[in-house]
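Here are a few short exercises on pockets and cavities. Have a go at each one before you read its solution.

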There are 2 protein chains.
Amino acid sequence: MIRILLAASAALAFGTPLSAQDMNAVAALRDAALSDTLAYEITEGITTEVGPRLAGTEAEQRARDWSVARLTALGFQNVRDEPFPLKTWVRGEERAAIVSPFPQPLVLTALGNSGATPPRGIEGEIVYFPTIADLQAAPAASLKGKIAFVSHAMTATQDGSQYTTYGVVRRIGPNVAAEKGAAAILIRSIGTDYHRNPHAGGTNFEDGVRPIPAAALALPDAEQLERVLRRGKPVRVKLVLTPKQIGARTSGNVIAEVPGSEPAAGIVLVACHLDSWDLGTGAFDDAAGCGIVAAAAKRIMDAGQPRRTIRVLFAGSEEVGVFGGKAYFEAHRRDPHVLAAESDFGADRIWRVDFNLPAAAKPVGDRIATALLPLGIGRGTAIAGGGADVSAVIASGVAGIDLQQHGTRYFDYHHTPDDTLDKIDPVQMRQNVAAWTAMLAIAANAPEEIGAVPARN
Amino acid sequence: MIRILLAASAALAFGTPLSAQDMNAVAALRDAALSDTLAYEITEGITTEVGPRLAGTEAEQRARDWSVARLTALGFQNVRDEPFPLKTWVRGEERAAIVSPFPQPLVLTALGNSGATPPRGIEGEIVYFPTIADLQAAPAASLKGKIAFVSHAMTATQDGSQYTTYGVVRRIGPNVAAEKGAAAILIRSIGTDYHRNPHAGGTNFEDGVRPIPAAALALPDAEQLERVLRRGKPVRVKLVLTPKQIGARTSGNVIAEVPGSEPAAGIVLVACHLDSWDLGTGAFDDAAGCGIVAAAAKRIMDAGQPRRTIRVLFAGSEEVGVFGGKAYFEAHRRDPHVLAAESDFGADRIWRVDFNLPAAAKPVGDRIATALLPLGIGRGTAIAGGGADVSAVIASGVAGIDLQQHGTRYFDYHHTPDDTLDKIDPVQMRQNVAAWTAMLAIAANAPEEIGAVPARN
């Protein structure tokens, strides 16, 4: 560890020709952004005037209309809504109860792409699996007519990395249970709070596997069901879930630009996603990200035309399968992107920056890391991969920067009814805007060429 | 303030003939209770094996059956269920949404005794009142066909005292709105959390006033509705609430005793309530209280027969109007009560003790206050009034003791879906058991007579 710290310190001290740009101007822009109000205004506007905006619904369309109007009014150029078709799933009724031995309701929510029960519901005996591995190990057909229940508990971490480990239950658990003949599956929510707020999120069934009803229990309910199971008697649960696939609807990506003075210098893409799960108003996930990137881009625009074009992407349909990011990549893969970054992890303080830059652009990264130091942001050693909506762009060989946010409380709210405006801390949000402003001020104006990185797709 | 502190200090130093009881034995019982597991076991049992237990329903009956069996198994005497009839209200469907200008759902719950909408709901324009005083000042008939919305915000306090101030909106607001012709009323939940968990609670309509639909919005929803209203356009809300009055059902009080060796020395009554609101499992409110008082009484029982009878009361139907406490008082007003106390404010640490003792029993109070000092419990100057279920007994002239619990987070969970077992901190709960054990050890064995106090009813 000491070796790594010394190496980083040497890089800061000797490696960076800071004079390649006017770093005092960058610092002034950065520090002015600590008084930003626009990011919060945008977040407040989307969450209040639109509210929940599930991909493919008319609410998502209203969010795009709202965004086109607002970004146009802010002075961005080439503002447009780029529609694409989306196979759309919508929530129905959702109720559950322990029928025996101790009758009582359970709070849950259907996972995206869940199958439906008949309108009057189904009833079945619970088969308990502590982890996804236990479910995977269950013999074929052993779940016939039963309701699988998988309950393993993620832990809150600063980097949110347990979402990858534990999220697998949600992503593949329903398919595994369906293949083994289960009538339905319940999972402990992929989340870290103890409120009666289940965490939504998408799942997928493979071709040829018939979707079964699949739902996430709020954490108190998952633990209650475990306690009831520990009494050792058969536990029967009744479940009513009536979501529907409603066929192809229209989603879309909203794009806005700050045109650069040297089009050949390329495009810096900054993204967020505009759709949200339907239970909350999508403040943390991800109106905040849209507020942050738009506010930072606006600050660069107002400071004078940048060298490179800054393109702001409010992606559609991220939650249900990153369909906006994919549609963007298909439509714009030939555009001269030189850098991509996304804000999609709430609005809490940024604590680390990771890069994926070609060697020739290392000084650009060094200057950014230096400019972020006063904001309490350290330099990480991970290879930046972008948020979901820019990951295809970065994987194709475009350089990337990850401004990593504190995630300790992110999975308390993520995909729940609790993802509402009151969770946004305006002070921490301003620190985000300042970091993005500093990053954009440097990246969009760097005199160095920012070339390709190795493609990973 | 200095004068008061000096007076209290003098009382501790000189006022108390501690030798009237074996205070070492009391201290030993108290400190052993800091390892108590029974209070948590009872709380876990009621909340897991019964769950929500709304007054008058079969679930409340199951809770009584559970309690009679458990208290009997613990060795208490004269364990019984004393039934009484209860006019019973049950929740139905509850949904609401802003229809215009910004369509989106709102999370709410019907107040107890709320009227119902037609099954398909009603729609109306919101009339906003910042406080109950503003609603009261509205001209007669000015709300005809409108939906009143009263949104004033209580603050979390250690003593929970704002519940009295702000709870008035819930208690009388619906009646006031109905008298002015409102089609319905929405209130900001009487609570302090920012989760999408509305706070239930009872309201009442005066004779001759027809009950209107009345519901509490979760705090994020109340603030969202305020933000929408601040846009200045008419706001229309659709509301579906289908609760029902289902007529007379049976509720009841569960009673258990530790018989005293000197019946003439009277009864020490320790109470909690067994019913809960239906949204959570009633862990904080009030399975915890039942666990605490039963565990403390059991410790005294196991230490040898006390001088006075200890009577444990698990009251029914507290939430819906203290009907259990009233039924108990009617049935037992002639019983020789000498002291009454109740645990009904969660399971967080006790920080203060207040007394209502006759002068001759002052040494009993002094000894109790002294025995509580090692637990971090200071002596207050309020006149103990008891929890709701013993308030009639105390008001009739029986001495009382209030062991005041920390209430800072109580109104985060109170009457919400979030009132679940995971909110109980076992360490704090044990401090409660220790305090109640010390209090009972002294009060049930005090050689002094504990006579009447001035009646207040």
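**Exercise 1.** By class, how many nonpolar, polar and charged residues does the lining of the second largest pocket have?

*Solution.* Bear in mind that the model is predicted. Start with the total: 48 residues line this pocket. Then split them by class, which gives 17 nonpolar, 20 polar and 11 charged residues. As for the space inside, the volume comes to about 1300 Å³.

**Exercise 2.** Which residues lie nearest the centre of the second largest pocket, and work out where its lining comes from.

*Solution.* Begin at the centre: Y163(A), E318(A), V322(A), D344(A) and A388(A) lie nearest to it. Next, look at the secondary structure of chain A, where β1 (77–90), α6 (162–179), β14 (350–356), β16 (399–405) and α12 (410–413) each provide at least two lining residues. Finally, go up to domains: domain 1 (2–89 + 248–443) and domain 2 (92–242) of chain A each put at least three residues into the lining.

**Exercise 3.** How many cavities of 30 Å³ or more does the structure hold? Describe the largest and the second largest.

*Solution.* The count is three. The largest has a volume of about 50 Å³, and its lining includes W277(A), L279(A), D285(A), E319(A) and H415(A). Sorted by class, that lining has two nonpolar, five polar and four charged residues.

Now the second largest cavity, again with a volume of about 50 Å³. Among its lining residues are W277(B), D285(B), E319(B) and H415(B). Here the classes come out as one nonpolar, five polar and three charged.

Note on methods
Residues are numbered from 1 along each chain as its sequence is written. Chains are lettered from A and ligands numbered from 1 in the order in which they are written. This is a predicted model: local features need pLDDT of at least 70, side-chain atom pairs count only at pLDDT 80 or more; totals for chains, interfaces and linings use all residues. Side-chain values use heavy atoms; hydrogens and water are left out. On a 1 Å grid over the protein atoms alone, a cavity is a set of points where a 1.4 Å probe fits but cannot get out, and a pocket is an open set with protein on both sides within 12 Å along at least five of seven lines; lining residues have an atom within 4 Å of a point. Grid points are joined across faces, edges and corners, and a volume is the space filled by probe spheres set on the points. Helices (H or I, at least four residues) and strands (E, at least two) are DSSP runs, numbered from the N terminus. Ala, Val, Leu, Ile, Met, Phe, Trp, Tyr, Cys and Pro count as nonpolar, Asp, Glu, Lys and Arg as charged, and the others, Gly among them, as polar. Domain bounds come from an automatic or database domain assignment.
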